[in-house]
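Notebook open, a fresh model on the screen. I want to look at the core first, then at one odd backbone angle, then at the pockets.

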Amino acid sequence: MSPDKLYLFCFLVALTVSLVSTPLLRILALKIGILDHPFSDVKTHKQPTPYLGGLAVALAMAAALVYARTGTNFPTGTLHSLRGIMMGGAIVLLLGLIDDVK
């Protein structure tokens with residue numbers, strides 16, 4: 001596959017995953033009460049706003065990375081690097097989710 005097509009398909013995978021997961025995660029956040037309640041003047045919104053948008057972005061990024069890795073023939077060490085990126089991203093995502101919930 002040519003690099004131009006790969007980039008386009010990675011973009012389309014990320015776009016599709018984010019378009020599908022964002023509304024679903026918004027509904028989930030509203031249902032289980034993971035909301036940001038504006039209690040100070042620093043907040044720009046006036047009503048409770050659902051969290052979990054970052055999870056939708058992370059899912060889209062992970063899907064695009066996995067698609068790029070499986071859709072190409074990179075050198076042997078690339079999979080090891082991708083695992084490191086995914087593990088580091090998962091740790092940051094987990095810390096963000098813990099912060100959002102608490």
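Looked up the largest nonpolar core in this predicted model. I get six residues for it: L25, A29, I34, L52, L55 and A56. Checked which elements feed it: α1 (3–32) and α2 (53–70) each give at least two residues to this core.

Next I picked L25 and listed its contacts, skipping anything up to four places away in sequence. L25 touches Y51, L52, L55, A56 and L59. Two core members I noted there, among others, are L52 and L55.

Then on to L52, since I wanted its backbone. What is the phi of L52? I read about 85°, so positive, although L52 is not a glycine. Reminder to self: most residues other than glycine have a negative phi. Where does L52 sit? I find L52 in the loop between β2 (49–50) and α2. Buried or exposed, I asked of L52? I call L52 buried because its relative accessible area is 7%, under the 20% cut-off.

Last entry: pockets. I get about 220 Å³ of space in the largest pocket. Went through its lining and wrote down G54, A58, L59, M61, A62, L65, I85, M86, G89, A90, V92 and L93. The elements giving two or more residues to that lining are α2 and α3 (78–101). How many of the lining residues are nonpolar, polar or charged? I count 10 nonpolar, two polar and no charged. I also marked L59, which lines this pocket and is touched by L25.

Notes:
Residues are numbered from 1 along each chain as its sequence is written. This is a predicted model: local features need pLDDT of at least 70, side-chain atom pairs count only at pLDDT 80 or more; totals for chains, interfaces and linings use all residues. Side-chain values use heavy atoms; hydrogens and water are left out. A nonpolar core is a set of buried Ala, Val, Leu, Ile, Met, Phe, Trp, Tyr and Cys residues joined through side-chain atoms within 4.5 Å. Buried means under 20% relative accessible area, exposed over 50%, partly exposed in between (1.4 Å probe, protein chains only). Helices (H or I, at least four residues) and strands (E, at least two) are DSSP runs, numbered from the N terminus. Contact means heavy atoms within 4.5 Å. On a 1 Å grid over the protein atoms alone, a cavity is a set of points where a 1.4 Å probe fits but cannot get out, and a pocket is an open set with protein on both sides within 12 Å along at least five of seven lines; lining residues have an atom within 4 Å of a point. Grid points are joined across faces, edges and corners, and a volume is the space filled by probe spheres set on the points. Ala, Val, Leu, Ile, Met, Phe, Trp, Tyr, Cys and Pro count as nonpolar, Asp, Glu, Lys and Arg as charged, and the others, Gly among them, as polar.
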